[in-house]
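Biologist: I am new to this structure and would like a friendly tour. Could you show it to me and then take my questions in turn?

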Amino acid sequence: MAFPESFLQELCDRNDIVDVVSGYVRLTKKSGANLFGLCPFHSEKTPSFSVSRDKQIYHCFGCGKGGSVINFIMEIENLSFPEAVEFLARRVGMELPEQNRSDPESRRREQLLALNKDAARFFYDQFRSPAGAPAQAYALRRELTPATVKKFGLGFAPDAWDSLTNAMKAKGYSEGLMLQAGLVRKGKKGGVYDTFRNRLMFPVFDVRGNVIGFSGRILGDGEPKYMNSPETPVFSKSNNLFAMNFAKKSKLGYIILCEGNVDVVSMHQAGFDNAVASLGTSLTPEQARLISRYVNEVVIAYDNDGAGQKATARAISILEKLDVRVRVLTMEGAKDPDEFIKKFGPDAFRNLLEKSEDHVDYTLRKIRDKYDLSTAESKLNFLQEAEGFIAGFSGKAERELYAMRVAEMVGVSADAVRQDVELARKRKSGRDRRQVEKQAMDLAGKSPVRAIRYEHPRSAMAEEGIIRLLYLDPELFDGITPPEPEDFTVPALGNIYRVLRERTRTGTVSLASLSGSLSTDEASLLTNLLQKPETVANGQSALSDYIDIMETERRNREQSDDLLGLAETLRKKKGYRDQDGN
C-alpha cells in the first residue's frame with residue numbers, strides 16, 4: 001500500500017528510532033555513533049544489535065535483520081506495513097491519510113479482532129447464563145471469585161455444535177471469517193461446526209489488549225485437556241503469553257512463569273499479578289524475548305512432576321541466553337503454585353519466592369541428585385558433568401565461585417576443580433571454534449540474511465553494488481541499458497532492484513517508504529548492503545563493472561550448462577552403444 005512519501009518521512013522524523021527501540025531493547029553499549037543491545041529477534045549473550053540515530057536504522061550483525069523504524073515495529077509487534085504505520089502514527093498523535101484507511105490486510109485484521117472480541121463476549125455471557133452451570137461449578141471448585149472471572153473474561157463454550165456459529169452469523173460474520181479465526185472447523189459434509197465445545201474459555205489478549213485467540217479447558221471427559229486457537233493472521237502461540245497484558249503492568253519487577261492458565265488466574269487473584277503462562281507449548285525463544293522487553297528477572301514456577309522439571313530445564317536454557325536473571329521455585333507439599341497458595345496461603349508463597357534458587361544453584365543441585373556421592377565413581381561422574389556445566393560460564397570469577405561450591409559438595413580441593421573447569425573450558429572453546437569454522441563454511445554462498453541464499457556469490461556481489469548505486473544516485477542509470485530484475489541471480493535482490501527502479505522514477509526514496517513493498521527479509525538485506533562502502537565519485541565506472549560481472553557470470557553459467565548437457569548426451573550415447581555390444 002502506498003502512503004505519501006512526505007507522510008512517511010514525517011512519521012519517521014517524529015518516531016526517533018532510538019526512542020522506539022528503547023521501549024523493547026535495553027540499549028546500553030555505545031560504539032562510535034551507534035548504540036548496541038541484545039537482539040530481540042534471536043538469542044544471544046553478546047550485544048550485536050546496532051541502532052543508528054544518525055541513519056535512523058537498526059541492524060543486527062548476528063541474524064542480519066535490519067531496516068527503518070517501521071520495519072522494526074513490523075517485526076517486533078508482528079504487524080503488516082499499514083498496521084505498523086498506524087501504530088507509529090498513534091504513538092505520536094498523527095492522523096493517517098484518509099485514502100489509506102481501507103487497506104484490505106488491515107481490514108481483515110480488524111475484522112478478525114472484532115470477531116474474537118464478540119466471541120469472547122458470547123462465551124462470557126454463556127458463562128453467566130443457566131447453560132454455564134458446568135463452568136460456574138468448576139470456577140467455584142477452583143475458588144475463583146466473580147471479580148476474577150470478570151477481570152479475565154472467563155467464558156463457557158456450550159456443549160453444542162453450532163451455538164457460537166449461529167450467534168456470530170446473527171452479528172453478520174461469515175463462515176469464512178470464522179474459519180480464518182479458528183473459531184469453527186469444516187465438517188465432512190461441507191458445513192462448519194464450533195471448534196470449542198463444553199469448555200471453560202480463557203480469552204488470550206496481546207500486550208495491546210486485543211483478543212487474539214482462545215484457550216479452552218475441557219469440563220467433562222475428553223481430550224485434549226486444553227485446546228488453543230490454531231495459528232491465525234492475528235494469533236501465534238509461540239509469540240504470545242497468557243496474561244502478559246496484565247503482568248506487563250505489575251509493580252513487582254519480575255515475571256513468574258507458570259504452566260497453566262488456571263494457575264495464572266489463581267495467582268493473580270492471590271495478589272501475584274506478574275504471573276504468565278505459555279500457551280500449550282514449552283517456553284519458546286520468542287516468548288522469552290517478549291518477557292525480556294518488560295523485566296530483567298524471571299522466576300520459573302512449573303509443576304513438580306517430571307514434565308515440569310523437563311520444562312524448567314528447557315526454559316533455563318532459553319532464558320539464560322538473554323540479559324535476564326533466572327530463578328527457580330521449588331515447592332514441597334504441593335504440585336503447583338495454585339495448590340500451594342490454597343494450602344499454605346499467599347504469604348507462604350511470597351516467602352517461597354524470596355527463597356527461590358538461582359538457576360545455576362538449581363541446575364547443580366539437579367546434577368548432584370543424579371549421583372550417589374558415597375562412591376568414588378559417582379563422585380567422578382558428578383564432577384565431570386558439573387565441571388562441564390560451569391565451563392560454559394563466560395566470567396572467570398563466576399567459574400571460580402561455582403567451582404568452589406562443587407568442590408565442597410564432594411569434599412575435594414577447590415584448586416583441582418578450578419583446573420578441571422579451565423581444561424573443560426579450553427576443550428569447549430576448541431569445539432566452539434571448530435563449530436564456528438564449520439558454520440562459516442556452511443554460510444559460504446549465503447547472504448547476510450539467513451533466509452536468503454546466494455547461489456552465485458560473485459554475481460550476487462555485483463547485484464548488491466548495482467542496488468547501492470541505484471539507491472545513492474539514480475541518475476547514473478540514465479542513458480544506459482540497465483539490467484532487468486530477471487537478470488539477477490538472487491530473487492530477493494531482483495525484487496529490491498525492481499522496487500527501487502519503480503520508486504526512483506517517481507521521486508526520492510527512503511527505507512521507510514520501501515518498507516511496504518519489501519518483505520522483512522528483503523528490507524533487512526537492503527539495510528545490510530547499504531551499509532557496505534560505496535562511492536558515487538566513480539559511479540559510472542563502477543556501475544559498468546558491476547554490469548560486466550553480471551554478464552560474464554551469466555555467460556559462464558550458460559557455457560557450463562552447455563558442457564553439462566553435452567556430457568549427458570555423450571553418456572547416453574555410450575550407454576546405447578554398450579547395450580548394442582558395439
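Modeller: Let us begin with a term: a polar contact is a pair of N or O atoms within 3.5 Å; within protein, one must be able to donate a hydrogen and the other to accept it, and residues adjacent in sequence count only if both atoms are side-chain atoms. Helices (H or I, at least four residues) and strands (E, at least two) are DSSP runs, numbered from the N terminus. This is a predicted model, where local features need pLDDT of at least 70, side-chain atom pairs count only at pLDDT 80 or more, and totals for chains, interfaces and linings use all residues. Residues are numbered from 1 along each chain as its sequence is written, and side-chain values use heavy atoms, leaving out hydrogens and water.

Biologist: Which residue caps the N-terminal end of H14?

Modeller: Helix H14 covers residues 337–344. A side-chain oxygen lies 3.2 Å from the backbone nitrogen of Asp338, and the residue that supplies this cap is Asp336.

Biologist: And which residue follows H14?

Modeller: Look for a positive phi, near 95 degrees. The residue that follows H14 with this phi is Gly345.

Biologist: What arc do the buried residues of H14 cover around the axis?

Modeller: Buried means under 20% relative accessible area, with exposed over 50% and partly exposed in between (1.4 Å probe, protein chains only). In H14 the buried residues are Pro337, Asp338, Phe340 and Ile341. They sit on the same side of H14, because the arc they cover (taken from the directions from the helix axis to the C-beta atoms) is only 165 degrees.

Biologist: Which helices do those buried residues pack against?

Modeller: Contact here means heavy atoms within 4.5 Å. The partners of the buried residues of H14 are helix H11 (261–269) and helix H15 (346–354).

Biologist: Which residues touch the most other members of the largest nonpolar core?

Modeller: A nonpolar core is a set of buried Ala, Val, Leu, Ile, Met, Phe, Trp, Tyr and Cys residues joined through side-chain atoms within 4.5 Å. The largest one has 63 residues, and those touching the most other members are Phe214, Ile256 and Phe349.

Biologist: Which helix gives the largest share of this core?

Modeller: That share is 9 residues. They come from a helix spanning residues 104–128, namely H5.

Biologist: Which strands stand at the edges of the sheet of 5 strands?

Modeller: Two strands pair if DSSP finds at least two bridges between them. This open sheet has the order E13-E12-E14-E15-E16, with mixed pairing. Each edge strand has a single partner strand, so one side of each is left without a neighbour in the sheet; these are E13 (275–277) and E16 (357–358).

Biologist: Which residue stands opposite Glu297?

Modeller: Strand E14 (residues 297–300) pairs with strand E15 (residues 325–328) in the parallel sense over 4 bridges. Opposite Glu297, in E15, stands Arg325.

Biologist: What are the edge strands of the sheet of 4 strands?

Modeller: Its order is E6-E9-E10-E11, and the pairing is antiparallel. The strands that pair on one side only are E6 (155–157) and E11.

Biologist: Where does Pro224 lie?

Modeller: The peptide bond from Glu223 to Pro224 is cis, with omega near -5 degrees. Pro224 belongs to the loop between strand E10 (211–218) and strand E11 (226–228).

Biologist: Is Asn198 buried or exposed?

Modeller: Asn198 has a positive phi of about 55 degrees although it is not a glycine. It is found in the loop between strand E8 (192–194) and strand E9 (199–205). Its relative accessibility is 18%, so Asn198 counts as buried.
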